[in-house]
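Work through the exercises below with the structure in view. Try each task before you read its solution.

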Amino acid sequence: MISMQHISLIREQRRILDDISLDMSAGENWVILGRNGSGKTTLLEMMTGYMFPSSGQVEVLGQRYGQCDIREVRKSIGYISQSMVERLSLIDPVWEVVATGAFAFLRFYQAIPEDVGDRALSLLAEMKLDYLAEQPLGTVSQGERKKVLLARALMGDPKLLIMDEPCAGLDLYEREKMLAEVDRLKRRNVMVVYVTHHIEEIVPLFSHVALVREGRLVAAGRKEDVLTPELIKQTYHIDVELKWDDDRPWIRVLAGG
Ligand SMILES: Nc1ncnc2c1ncn2[C@@H]1O[C@H](COP(=O)(O)OP(=O)(O)OP(=O)(O)O)[C@@H](O)[C@H]1O
């Protein structure tokens, strides 16, 4: 579903991505981990076609970027990121914000078709957010807002859902609620690619992990093979111990690590 071959990106004489090759197949759900500035968001931007590599090839959902209409491919991609939040109108009611996801528009300037509105309401109800439907987006809590964005991304029935730190800024309770929604995505026919700073956010939905350091791939593969203290040390320069609990990894930094 996603194939990146020998991707490099050079900006202002800096090598931001360096010869990354990554294959993500149907049935897999991926987490990308790496320190600040290691290139995670840049990788996501390449998957969504908002950035192009200086060299290498990107193929998403069977379409090779550079040889296809990326706007068409994007109709099958849901993208949740901070920059997306900033582009939404805070005065629009939540149900409308969700509904606009059906057409990949930021706002509607005409009446929203009734069936689209109904679908938005039923997605909100599925996430137990129906009580927010009429509230302006700007008045809902951070945690609610993240779930609203998820509902919005699902409106277009994406084949690929890309999430950039969707739990950033959430308290423990809100984060677990959001993660429960993320884990529930396994009931849908969608591949998830998820960037986070927190290893404990790797809920059972996720099968694969890629570790990135300074624009290079440290490791990529099944989570049990990649989430090892050795590879985490290579990525973060920290000694850790890792425990699995119900198919979810928890990390402990070792003294002096
Ligand atoms: N358009 C650009 N021009 C120049 N440098 C850029 C550009 N886009 C990204 N960078 C640089 O590329 C590096 C990787 O950025 P990126 O946002 O992908 O990292 P990240 O791993 O997502 O970081 P974080 O975890 O802090 O969000 C950073 O050093 C950033 O400053």
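**Exercise 1. The E4 and E5 pair**

Task: In which sense do strand E4 (residues 55-60) and E5 pair, and over how many bridges?

Solution.
- Find E4 at residues 55-60; its pairing with E5 is antiparallel.
- Count the bridges between E4 and E5: there are 2.
- Take Glu59 as an example: its bridge partner in E5 is Arg64.
- Keep in mind that this is a predicted model.

**Exercise 2. The open sheet**

Task: Give the order of the 4 strands in the open sheet, then say which strands stand at the edges.

Solution.
- The order reads E2-E1-E4-E5, with antiparallel pairing.
- Strand E2 (14-24) and strand E5 (63-64) stand at the edges.
- Each has a single partner strand, so one side of each has no neighbour in the sheet.

**Exercise 3. Two positive phi values**

Task: Where do His6 and Asp19 lie, and is each exposed or buried?

Solution.
- Start with His6, placed in strand E1 (residues 2-11).
- The phi of His6 is positive, near 50°, and the residue is not a glycine.
- His6 has 12 C-beta neighbours inside 10 Å, so it counts as exposed.
- Move to Asp19 in strand E2.
- Asp19 is not a glycine either, yet its phi is positive, about 55°.
- Asp19 has 14 other C-beta atoms within 10 Å, so it is partly exposed.

**Exercise 4. The ligand shell**

Task: Which residues surround the ligand, and how do they divide by type?

Solution.
- List the shell: Arg11, Glu12, Ile16, Gly34, Asn36, Gly37, Ser38, Gly39, Lys40, Thr41 and Thr42.
- Sort the shell by type: 1 nonpolar, 7 polar and 3 charged.
- Look for the main contributor: helix H1 (residues 40-47) gives the largest share, 3 residues.

**Exercise 5. Strand E7 and its partners**

Task: Is strand E7 (residues 160-164) enclosed or open? Then name the strands that pair with E7.

Solution.
- Check burial: 5 of the 5 residues of E7 are buried, so the strand is largely enclosed by the rest of the structure.
- Compare the faces: Leu160, Ile162 and Asp164 are buried on one side, and Leu161 and Met163 on the other.
- Recall how pairing works: strands of a sheet pair through backbone hydrogen bonds, parallel or antiparallel.
- Strand E6 (residues 77-80) pairs with E7 in the parallel sense, over 4 bridges.
- In this pair, Ile77 stands opposite Leu160.
- Strand E8 (residues 191-195) also pairs with E7 in the parallel sense, over 5 bridges.
- Here Met163 has Tyr194 of E8 as its bridge partner.
- Now trace the unit: E7, helix H7 (residues 172-183) and E8 make a right-handed β-α-β unit.

**Exercise 6. Helix H6**

Task: What span should helix H6 (residues 142-155) have, and how many of its residues are buried?

Solution.
- H6 has 14 residues.
- At 1.5 Å a residue, H6 should span 20 Å.
- The end C-alpha atoms of H6 are 20 Å apart, which agrees.
- Of its 14 residues, 12 are buried, and the helix is mostly covered.
- The buried residues include Glu144, Arg145, Val148, Leu149 and Met155.
- The buried residues of H6 pack against E6, helix H3 (82-87), helix H4 (94-100), helix H5 (114-126), E7 and H7.
- Past the helix comes Asp157, with a positive phi near 50°.

**Exercise 7. Ser141**

Task: Where is Ser141 placed, and is it exposed or buried?

Solution.
- Ser141 sits in the loop between H5 and H6.
- Ser141 has 12 C-beta neighbours inside 10 Å, so it counts as exposed.
- For a distance, take Val98: it is 43 residues from Ser141 in sequence and 16 Å away in space, C-alpha to C-alpha.

**Exercise 8. The E11 and E12 hairpin**

Task: How many residues of strand E11 (residues 240-245) are buried, and how does E11 pair with strand E12 (residues 248-253)?

Solution.
- Of the 6 residues of E11, the number buried is 0, so the strand lies largely in the open.
- E11 and E12 pair in the antiparallel sense over 6 bridges.
- Val240 has Val253 of E12 as its bridge partner.
- The hairpin has 2 residues between its strands, and Asp246 takes a positive phi near 50°.

Methods
Residues numbered from 1 in each chain as written. Predicted model: local features only at pLDDT ≥ 70, side-chain atom pairs only at ≥ 80, totals over all residues. Near = placed C-beta within 6 Å. Nonpolar A, V, L, I, M, F, W, Y, C, P; charged D, E, K, R; others polar. Buried ≥ 20, exposed ≤ 12 C-beta atoms within 10 Å, placed from the backbone. Pairing = 2+ DSSP bridges. Right-handed = clockwise from strand over helix to strand, strands pointing away. Expected span 1.5 Å × (residues − 1). Contact = placed C-beta atoms within 7 Å.
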